[in-house]
Amino acid sequence: MKSSPANRSRDIERQAGYLHPEHCAPPPLRTHSADDMWFIRDGCGIVCGVITWLLVFYAEFVVVFVMLLPAKNVAYSVINGAVFNGLAFLALASHFRAMCTDPGAVPKGNATKEFIESLQLKPGQVVYKCPKCCSIKPDRAHHCSVCKRCIKKMDHHCPWVNNCVGESNQKYFVLFTMYIALISLHALIMVALHFVFCFEEDWAKCSSFSPPTTVILLIFLCFEGLLFLIFTAVMFGTQIHSICNDETGIEQLKKEEKRWAKKSKWMNMKVVFGHPYSLAWLSPFATPDHGKANLYQYVV
């Protein structure tokens with residue numbers, strides 16, 4: 001049987017001696033635990049993450065101080081303010097969890113002779129070694145040059161969350177794109193209504209700022225909202241499609257052969273968001289409980 005391009009690009013060996021474990025430095029004494037905060041020290045990613053938060057805070061400022069507080073209808077201001085601020089809070093919380101959650105990093109430097117022999121490999125069984133981080137690479141894991149680690153079920157590296165999107169944080173990334181798309185749509189609707197109100201009334205009475213300043217702030221918010229609505233809505237749809245088909249972005253790009261058992265789309269959703277279905281799917285504070293949803297089920 002011909003090997004796939006993905007297999008040819010990997011360091012494939014069948015015995016511990018051929019993996020050259022002597023070339024790998026021993027793993028660090030202190031390993032990363034679930035209680036530790038995960039953070040990638042990448043300049044570009046940090047800048048993109050800060051910009052993301054600043055843009056959300058700018059939208060908060062324009063919505064609250066330019067459109068809602070000057071409005072005469074108190075119920076309109078309270079309801080829209082509560083909805084927008086609630087969604088913005090969930091968006092930022094999702095961004096923080098996506099950024100500071102270990103995406104599924106493989107222990108670095110574990111390709112030692114002792115560890116390989118402890119696997120008790122059966123005759124003919126194939127294991128994969130990453131030559132870049134000297135780790136035994138699990139199936140469906142890929143090396144990220146930015147994180148400098150192999151990531152389980154890596155979808156892609158996103159500079160906007162300064163992290164890889166992988167097995168353990170994909171839920172938070174999907175929630176982040178969804179909530180950003182929702183607040184962008186909500187902001188665009190409020191901007192349109194505010195323009196209509198200001199055209200019907202006196203511009204000096206529809207905002208606490210001067211008319212030119214109000215127009216500039218609203219136009220910039222409209223441009224920001226439209227741009228992020230399109231981007232995050234497309235990204236959200238792409239992520240849901242990948243989850244339902246149980247195929248990551250890298251696997252689609254490399255056209256890797258599917259060797260894992262096919263599951264239903266609903267079960268694939270439970271693998272990412274938790275088992276069973278509940279409102280916790282929409283919460284960035286709830287860690288997914290996979291339960292009966294098998295993460296890795298391969299065709300024998």
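# A walk through the predicted model

Start in the middle: select Val62, Val63, Met67, Phe84, Ile180 and Leu221, the residues that touch the most other members of the 32-residue largest nonpolar core. Keep in mind as you go that this is a predicted model. Now colour helix H2, helix H3 (74-100), helix H5 (170-200) and helix H6 (211-245), the elements that each give two or more residues to this core. H5 supplies the largest share, with 11 residues.

**Stop 1: Leucine 221**

Stay in the core and centre the view on leucine 221. Which residues does leucine 221 touch, leaving aside those up to four places away in sequence? Show Tyr58, Ala59, Val62, Val63, Met67, Ala187 and Val191, and you have the set. Before moving on, select Ile40, Ala105, Cys144 and Met154, which are among the nine residues of a second, separate core.

**Stop 2: The whole chain**

Zoom out and switch to a cartoon view. You should be able to follow eight helices and seven strands. Of the 300 residues in the chain, 46% are buried. If you look at contacts between residues with a separation of 6 or more, 71% of them join residues 24 or more positions apart. Turn on the surface next: the accessible area is about 16,400 Å², and carbon and sulfur atoms account for 66% of that.

**Stop 3: A nonpolar patch on the surface**

With the surface still on, select Met37, Phe39, Ile46, Val50, Leu54, Phe57 and Phe96. Together these residues make a nonpolar surface patch of about 660 Å². Which helix gives the most to the patch? Colour residues 43-68, helix H2, and you will see the contributor of four residues. H2 is also one of the elements giving residues to the largest core, so it is worth turning the helix around to view both contributions. Then pick phenylalanine 57, which lies in H2. Its relative accessibility is 45%, so phenylalanine 57 counts as partly exposed.

**Stop 4: The E4-E5 hairpin**

Hide the surface and go to strand E4 (residues 141-144) and strand E5 (residues 149-152). They pair in the antiparallel sense over four bridges. The two strands form a hairpin with four residues between them. In the turn, click on lysine 148, where phi is positive at about 60 degrees.

Next, select alanine 141, which lies in E4. What stands opposite alanine 141 in E5? Show lysine 152, and you have the partner. Is alanine 141 buried or exposed? Alanine 141 is buried, because its relative accessibility is 0%. If you want to try the distance tool here, draw a line from the C-alpha of alanine 141 to the C-alpha of cysteine 130: these residues are 11 apart in sequence and 9.8 Å apart in space.

**Stop 5: The salt-bridge network**

Finish with the charged side chains. The count for the model is four salt bridges. Select Arg140, Lys153, Asp246, Glu251 and Lys263 as sticks to see a network linked by salt bridges.

Take the pairs in turn:

- **Arginine 140 and aspartate 246.** Their side chains meet in a salt bridge at 3.2 Å, N to O. Arginine 140 sits in the loop between strand E3 (135-137) and E4, and aspartate 246 in the loop between H6 and helix H7 (249-254), so this pair ties together parts that are 106 residues apart in sequence. Both residues are buried.
- **Arginine 140 and glutamate 251.** Here the closest N and O atoms are 2.8 Å apart. Glutamate 251 lies in H7 and arginine 140 in the loop between E3 and E4, so this bridge joins parts 111 residues apart in sequence. Glutamate 251 counts as buried because its relative accessibility is 0%. Arginine 140 has a relative accessible area of 5% and is buried too.
- **Aspartate 246 and lysine 153.** The closest N and O atoms of this salt bridge are 3.7 Å apart. This pair links distant parts of the chain, 93 residues apart: aspartate 246 is in the loop between H6 and H7, and lysine 153 is in the loop between E5 and strand E6 (156-158). Aspartate 246 and lysine 153 are both buried.

Note on methods:
Residues numbered from 1 in each chain as written. Predicted model: local features only at pLDDT ≥ 70, side-chain atom pairs only at ≥ 80, totals over all residues. Heavy atoms only, no water. Buried < 20%, exposed > 50% of the residue type's maximum accessible area, 1.4 Å probe, protein only. Contact = heavy atoms within 4.5 Å. Areas by Shrake-Rupley, 256 points an atom, 1.4 Å probe, with all protein chains shown as cover. Patch = residues over 30% accessible without salt bridge, like charges linked within 9 Å, V, L, I, M, F, W, Y side chains within 5 Å. Pairing = 2+ DSSP bridges. Core = buried A, V, L, I, M, F, W, Y, C linked by side-chain atoms within 4.5 Å.
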